[in-house]
Amino acid sequence: MGMFDSLYVDCCCGNKVEFQSNAGDCTCESYQINNVLNSIAGYLIGSTEKCDVCGAIITLRGSVVLVAEFTHNAAHEPTATKTKNKRRRVSE
Ligand SMILES: [Zn+2]
């Protein structure tokens with residue numbers, strides 16, 4: 001059996017409906033919809049579960065925003081400057 005994290009959603013009837021996620025570290029943590037990790041939220045978007053008590057179908061909607069961070073750090077690429085200069089072409 002694999003481990004998973006659980007997101008509990010409060011149904012309109014008061015029941016707690018569990019959504020299981022295999023995303024992330026799967027530390028058997030329990031989350032609620034307002035504190036769930038982005039990795040798990042992204043995994044669960046579009047997931048549907050049925051409430052055992054009232055029969056409501058619950059679909060998770062939302063989005064996870066990705067931001068690309070650009071870092072130019074010579075320490076990670078010691079030869080980058082040399083290579084770049086060799087390959088550079090001057091167009092006229
Ligand atoms: Zn319900």
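Visitor: How many helices and strands does the secondary structure of the chain come to?

Guide: In this predicted model, the chain holds 2 helices and 5 strands. Read from the N terminus, the elements follow the order β-β-β-α-β-β-α.

Visitor: Where in the chain is confidence lowest, and where is it highest?

Guide: A predicted model should be read together with its pLDDT values. The average over the chain is 84, and 78% of the residues score at least 70. Confidence is lowest in helix α2 (residues 80-87), where the mean is 52. Strand β4 (residues 48-50) has the highest value, 98.

Visitor: What is the order of the strands in the open sheet?

Guide: The order in a sheet need not be read from the sequence alone; one looks at which strands pair. Here 3 strands form an open sheet in the order β2-β1-β3, and the pairing is mixed. Strands β2 and β3 each have a single partner strand, so they stand at the edges, and one side of each is left without a neighbour in the sheet. On average, neighbouring strands of this sheet are turned by 30° against each other, direction ignored.

Visitor: Which strands run parallel, and how many bridges join them?

Guide: Strand β1 (residues 5-10) and β3 run parallel and are joined by 3 bridges. Ser6 has Ser30 as its bridge partner in β3, and Tyr8 stands opposite Gln32 in that strand.

Visitor: How many bridges join β1 to β2?

Guide: These two strands run antiparallel, with 6 bridges between them. Leu7, for example, stands opposite Phe19 in β2. The two strands form a hairpin with 5 residues between them, and Gly14 in the turn has a positive phi of about 100°.

Visitor: Which residue has a positive phi although it is not a glycine?

Guide: That residue is Cys28, whose phi is about 60°. Cys28 lies in the loop between β2 and β3.

Visitor: Why is Cys28 called exposed?

Guide: One counts the C-beta atoms around the residue. Cys28 has 9 other C-beta atoms within 10 Å, and is exposed because a count of 12 or fewer places a residue in that class.

Visitor: Why is Ala23 called partly exposed?

Guide: The same count is applied. Ala23 has 15 other C-beta atoms within 10 Å, a count between the limits of 12 for exposed and 20 for buried residues, and therefore Ala23 is partly exposed. Ala23 is also placed in a loop, the one between β2 (16-21) and β3 (30-32).

Visitor: Which residues does Ala23 touch, not counting residues up to four places away in sequence?

Guide: Ala23 touches Ser39, Ile40, Gly42 and Tyr43. Ala23 and Tyr43 are 20 residues apart along the chain, yet their C-alpha atoms are separated by 6.2 Å. For the chain as a whole, one takes the contacts between residues at least 6 apart in sequence; 40% of these join residues at least 24 apart.

Visitor: Which residues make up the largest nonpolar core?

Guide: In soluble globular proteins, nonpolar side chains tend to be buried together. Here the largest nonpolar core has 6 residues: Leu7, Phe19, Val36, Ile40, Tyr43 and Leu44. Helix α1 (residues 38-44) gives the most to this core, with 3 residues. Val36, one of the core residues, is in contact with Leu7, Tyr31 and Ala41, leaving aside its neighbours within four places in sequence.

Visitor: What percentage of the residues in the chain are buried?

Guide: Of the 92 residues in the chain, 9% are buried.

Notes. Residues numbered from 1 in each chain as written. Predicted model: local features only at pLDDT ≥ 70, side-chain atom pairs only at ≥ 80, totals over all residues. Core = buried A, V, L, I, M, F, W, Y, C linked by C-beta atoms within 7 Å. Helix = DSSP H or I, 4+ residues; strand = E, 2+ residues; numbered from the N terminus. Contact = placed C-beta atoms within 7 Å. Pairing = 2+ DSSP bridges. Axes fitted to C-alpha atoms, helices over the stretch in contact; angles between N-to-C directions. pLDDT = per-residue confidence, 0-100.
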